[in-house]
Amino acid sequence: MSQALREFLLKKAKLEKIFNWGVRWSLWPVHLVTSCCGVEVAHTSGPGFDAERWGVLPFHTMRQSNVILVEGTITRKMAKVLKMVYEQMPEPKFVLAMGACAVRGGLFWNSYHVVQVDTVVPVDVYIAGCPPTPEAVVRAFIMLHNKIKGKPGPFIEPSKVDLTPYLPPPPKPAAPRPAPQQTAQPASG
């Protein structure tokens, strides 16, 4: 939808409620799976939990989806891919950070190459757990429904905890060794 048509529909024709209703019931997530949470998303979409009842239909291409579900640790290398996928999605678009690894790095939180998702793209909903249950994934989509409706809802945001006082200090780098001195070799002959 072009930006001008969207602005006309929302402002002049006052169709914002109908537009938001359509967006709410058409949440089509694409997965960015780097760890084990993908199994729980499959379970969420299965017949037991049937996330399609809330308008959640998994898609495989980012250009036809409006939700990106980040499942796992994001490294510096994957951060570029996450940004590229996010930029290719049409507006309005949403980001869900799923699991401890996506929320704050999980087991790898202090690794040199781990990047937090919210430093790369804006996160709309965090899903806590390792891995989160299908009920938690469904609850996250309901929280996203409420956010699109403009209803204040229970939002879960991770809090930063400084663990450096409890951890041993990192080892100091070794002093550079002096270069071996070259001694003049006596000429043989």
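In this predicted model, helix α6 has 16 residues and reaches 23 Å from its first C-alpha to its last, a span close to the 22 Å expected at 1.5 Å a residue. Much of the helix is shielded from solvent: Pro 134, Ala 136, Val 137, Val 138, Ala 140, Phe 141, Met 143, Leu 144, His 145, Asn 146 and Ile 148 are buried. The elements that cover these buried residues of α6 include the helices α2 and α3 (38-45) together with the strands β1 (29-33), β2, β4 and β6. After α6 comes Gly 150, and the phi of this glycine is positive, near 90°.

The largest nonpolar core contains 21 residues, of which Leu 27, Leu 96 and Leu 144 touch the most other members. At least two residues of this core are supplied by each of α2 (16-24), β2 (67-71), β4 (94-98), β6 (125-127) and α6 (134-149). The largest share, seven residues, comes from α6. A second core, separate from this one, has 20 residues, and Val 70, Leu 82, Met 89 and Val 95 are among them. Leu 27 illustrates how distant parts of the sequence are brought into contact in the largest core: when residues up to four places away in sequence are not counted, Leu 27 touches Gly 55, Val 56, Leu 57, Asn 66, Val 67, Phe 94, Phe 141, Leu 144, His 145 and Ile 148.

Strand β4 was examined next. Five of the five residues of β4 are buried, so this strand is largely enclosed by the rest of the structure. Both of its faces are covered, with Phe 94, Leu 96 and Met 98 buried on one side and Val 95 and Ala 97 buried on the other. β4 pairs with β2 in the parallel sense over five bridges, and within this pairing Phe 94 of β4 is the bridge partner of Val 67. β4 also pairs with β6, again in the parallel sense, over three bridges, and here Leu 96 stands opposite Val 125 of β6.

The loops that adjoin these strands also hold buried residues. Met 89, in the loop between α4 (76-88) and β4, is buried, with a relative accessible area of 4%. Leaving aside neighbours within four places in sequence, Met 89 is in contact with Met 62, Ser 65, Asn 66, Val 67, Ile 68 and Phe 94. The C-alpha atoms of Met 89 and Gln 64 are separated by 7.1 Å, although these residues are 25 residues apart along the chain. Thr 73 lies in the loop between β2 and β3 (74-75) and, at 9% relative accessibility, likewise counts as buried. Apart from residues up to four places away in sequence, Thr 73 touches Thr 34, Ser 35, Cys 101, Gly 105, Phe 108 and Val 114.

A contrasting environment is found for Ala 4, which belongs to helix α1 (residues 3-12) and, at 59% relative accessibility, counts as exposed. Ala 4 and Gln 88 are 84 residues apart in sequence, and their C-alpha atoms are 19 Å apart in space.

The cysteines were considered separately. A search of the whole structure finds zero disulfides. Cys 36 is in no disulfide, and the nearest cysteine sulfur, that of Cys 37, is 5.1 Å away. The side of the structure on which Cys 36 sits is not closed over this residue, since Cys 36 is exposed, with a relative accessible area of 51%. For Cys 130, the closest cysteine sulfur is that of Cys 101, at 5.7 Å, which is too far for a bond. Cys 130 is also exposed, with a relative accessible area of 65%.

With regard to recorded annotation, the unreviewed UniProt entry carries the annotation "domain: NADH:ubiquinone oxidoreductase-like 20kDa subunit", which covers residues 36-143. In the model, the end C-alpha atoms of residues 36-143 lie 23 Å apart, and this span is 34% helix and 16% strand.

Technical notes. Residues numbered from 1 in each chain as written. Predicted model: local features only at pLDDT ≥ 70, side-chain atom pairs only at ≥ 80, totals over all residues. Heavy atoms only, no water. Core = buried A, V, L, I, M, F, W, Y, C linked by side-chain atoms within 4.5 Å. Buried < 20%, exposed > 50% of the residue type's maximum accessible area, 1.4 Å probe, protein only. Helix = DSSP H or I, 4+ residues; strand = E, 2+ residues; numbered from the N terminus. Contact = heavy atoms within 4.5 Å. Pairing = 2+ DSSP bridges. UniProt positions renumbered as here; feature names shortened; annotations may be inferred. Disulfide = S-S within 2.5 Å. Expected span 1.5 Å × (residues − 1).
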